[in-house]
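Me: Could you take a close look at one part of this model for me? I would like to know which residues are buried, which are exposed, and what packs against what.

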Amino acid sequence: MPQSDDECPAVLQGQLARDDPHPARPRSRRRTGAWWTLAAGLAALVVGVALPQGLLIATGLVLAGIGVQLFDARSDAAGGRPGRPSG
């Protein structure tokens with residue numbers, strides 16, 4: 001008698017768990033890129049204000065906004081790109 005289809009995913013999951021000694025953290029937990037983007041944006045903003053450079057201020061504001069958006073947990077929970085319906 002052939003094996004049930006319910007057993008196959010469990011067997012595959014067990015094999016993957018054994019083969020992968022270091023499972024990756026969930027994407028919602030990885031915030032390294034968000035921190036770097038936010039830090040670069042704030043640095044550009046501070047330098048742009050110190051040396052009255054409008055383009056550098058605008059760049060800093062945009063990068064800071066992108067960095068803050070990367071911290072948004074709602075876009076991670078939706079499973080899709082922010083601002084787009086996932087269905």
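Reply: Happy to help; here is a walk through helix α2 and its partner, after a few words on the whole chain. This is a predicted model, in which local features need pLDDT of at least 70 and side-chain atom pairs count only at pLDDT 80 or more, while totals for chains, interfaces and linings use all residues. Residues are numbered from 1 along each chain as its sequence is written, and side-chain values use heavy atoms, with hydrogens and water left out.

The chain has 4 helices and 0 strands, in the order α-α-α-α along the sequence. Helices here are DSSP runs of H or I with at least four residues, strands are runs of E with at least two, and both are numbered from the N terminus. Of the 87 residues in the chain, 14% are buried. Buried means under 20% relative accessible area, exposed means over 50%, and partly exposed is in between, with a 1.4 Å probe and protein chains only. The accessible surface of the chain is about 7,300 Å², and 63% of it belongs to carbon and sulfur atoms; such areas come from the Shrake-Rupley method with a 1.4 Å probe, and for residues only the protein chains shown count as cover. Among contacts (heavy atoms within 4.5 Å) between residues at least 6 apart in sequence, 49% join residues at least 24 apart.

Now to α2 itself. This helix has 19 residues and reaches 27 Å from its first C-alpha to its last, close to the 27 Å expected at 1.5 Å a residue; the expected span is 1.5 Å times one less than the number of residues. Its buried residues are A34, T37, L38, G41, A44 and G48. Seen down the axis of α2, they fall within an arc of 130 degrees, so they line one face of the helix. The arc is that of the directions from the helix axis to the C-beta atoms. On the other side of α2, the exposed residues are T32, W35, W36, V46 and A50.

What does the buried side meet? The buried residues of α2 pack against α3. T37 is a good place to see this: T37 is buried, at 19% relative accessible area, and touches L63, I66, G67 and L70, leaving aside residues up to four places away in sequence. W35, also in α2, is exposed at 55%. The C-alpha atoms of W35 and V68 are 8.6 Å apart, with their positions 33 residues apart along the chain.

Turning to the partner, α3 covers residues 54–70, and its 17 residues reach 24 Å from first C-alpha to last, close to the 24 Å expected. In α3, the residues G60, A64 and G67 are buried. They cover an arc of only 60 degrees around the axis, which puts them on the same side of α3. What covers them includes α2 (32–50). The face of α3 turned away from this buried side carries exposed G54, L55, L61 and V62.

One surface feature remains. V47, L51 and L56 form a nonpolar patch with about 230 Å² of accessible area together. Patches are made of residues with over 30% relative accessible area and no salt bridge, with like charges joined within 9 Å and nonpolar side chains (Val, Leu, Ile, Met, Phe, Trp, Tyr) within 5 Å; a salt bridge is a side-chain nitrogen of Lys or Arg within 4 Å of a carboxyl oxygen of Asp or Glu. V47 belongs to α2 and, at 39% relative accessibility, counts as partly exposed.
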